[in-house]
Amino acid sequence: MHPIHDHDPLFLLAVGLAAKRRPAELVEIVAAIDFLQIKVPLEQRFVDSLARLGVVGLLVGDAAGVALSPAGMVLFQALPKQEDGEARVYAAKQALVDYVPGAEQAPVVVELAAVSEAIAAHRAAAASRAKNLLVPKPKAAETSKARPGQRQRKPMPARRKR
């Protein structure tokens, strides 16, 4: 896939995260980008990247949502899972460099107004008390080393003076 633009790996990774079981809506893609702790790109770049990834056969989409194609799924599953956001995007960029596209496919058509509405809806949801389900769960702080459900030993009695 040549040329590779800066936002293409980000959108490939975001669609892969958001569309696990069903095609992802635009709001879910924006939430996935936020989950990666990367700033959401401008609306026009959003539309252009999705169209480019669709043309090379990595994404499929319609009015219902956007999902990875079988080739995109293979590429996504080869990416590291335990890295932070920027390292995962860099790994996705390296995978796109190695990817050899087949015949051109139909581009993913997304309207600019729909992208603007999705970004605004995500920002409104972030400002409210609603939970983002893509946010990782915080790890519980370990308070004591005792096993749960185990009682503490009684202290030894003080020695008597003779």
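Phenylalanine 11 and phenylalanine 46 are both buried in this predicted model. The two residues belong to distant parts of the chain, since phenylalanine 11 lies in helix 1 (residues 8-18) and phenylalanine 46 in helix 3 (residues 43-55), with their positions 35 residues apart. One aromatic pair is counted in the structure. That pair is formed by phenylalanine 11 and phenylalanine 46, whose ring centres are 4.7 Å apart and whose planes make an angle of 75°, an edge-to-face arrangement.

The overall organisation of the protein comprises six helices and two strands. Along the sequence these elements follow the order α-α-α-β-β-α-α-α. The protein has 162 residues, of which 35% are classed as buried. Among contacts with a sequence separation of 6 or more, 69% involve residues 24 or more positions apart.

The packing of the helices was examined next. Two packed helices are described by the angle between their axes and the distance between the axes. Helix 1 packs against helix 2 with the axes 8 Å apart and at an angle of about 110°. Helix 1 is therefore roughly perpendicular to helix 2, as angles of 65 to 115 degrees are assigned to that class. The crossing of helix 1 past helix 2 is right-handed. On the side of helix 1, the contact involves Leu10, Phe11, Ala14, Val15, Leu17 and Ala18, while helix 2 contributes Glu28, Ile29, Ala32, Ile33 and Phe35. By class, ten of the residues in this contact are nonpolar, none is polar and one is charged. Phe11, a member of the aromatic pair, thus also appears in the contact of helix 1 with helix 2.

Helix 1 also meets helix 5 (residues 85-98), the two axes coming within 8 Å and crossing at roughly 110°. The relation between helix 1 and helix 5 is therefore roughly perpendicular. In this contact, Asp8, Pro9, Leu10, Leu12, Leu13 and Leu17 of helix 1 are set against Arg88, Val89, Ala92, Lys93 and Leu96 of helix 5. The contact of helix 1 with helix 5 consists of eight nonpolar and three charged residues, with no polar ones. Leu10 and Leu17 of helix 1 are listed both in the contact with helix 2 and in the contact with helix 5.

A further contact joins helix 2 (residues 26-35) to helix 6 (residues 112-127), where the axes come within 8 Å and cross at roughly 55°. Helix 2 is therefore oblique to helix 6. Helix 2 passes helix 6 in a right-handed crossing. Leu26, Val27, Val30, Ala31 and Asp34 represent helix 2 in this contact, and Ala114, Val115, Ala118, Ile119, Ala121 and His122 represent helix 6. Nine nonpolar residues, one polar residue and one charged residue make up the contact of helix 2 with helix 6.

Leucine 75 was considered individually. This residue is located in helix 4 (residues 70-77). The relative accessibility of leucine 75 is 10%, so the residue counts as buried, the cut-off being under 20%. Beyond residues up to four places away in sequence, leucine 75 touches Leu12, Ala95, Leu96 and Tyr99. Of these, Leu12 and Leu96 are also found in the contact between helix 1 and helix 5. Leucine 58 stands 17 residues from leucine 75 along the chain, and the C-alpha atoms of these two leucines are separated by 8.5 Å.

Key:
Residues numbered from 1 in each chain as written. Predicted model: local features only at pLDDT ≥ 70, side-chain atom pairs only at ≥ 80, totals over all residues. Heavy atoms only, no water. Axes fitted to C-alpha atoms, helices over the stretch in contact; angles between N-to-C directions. Helix = DSSP H or I, 4+ residues; strand = E, 2+ residues; numbered from the N terminus. Parallel < 35°, antiparallel > 145°, perpendicular 65-115°, else oblique. Left-handed = near helix turned anticlockwise from the far one by under 90°. Contact = heavy atoms within 4.5 Å. Nonpolar A, V, L, I, M, F, W, Y, C, P; charged D, E, K, R; others polar. Phe/Tyr/Trp six-rings, centres within 6.5 Å; stacked < 30°, edge-to-face > 60°. Buried < 20%, exposed > 50% of the residue type's maximum accessible area, 1.4 Å probe, protein only.
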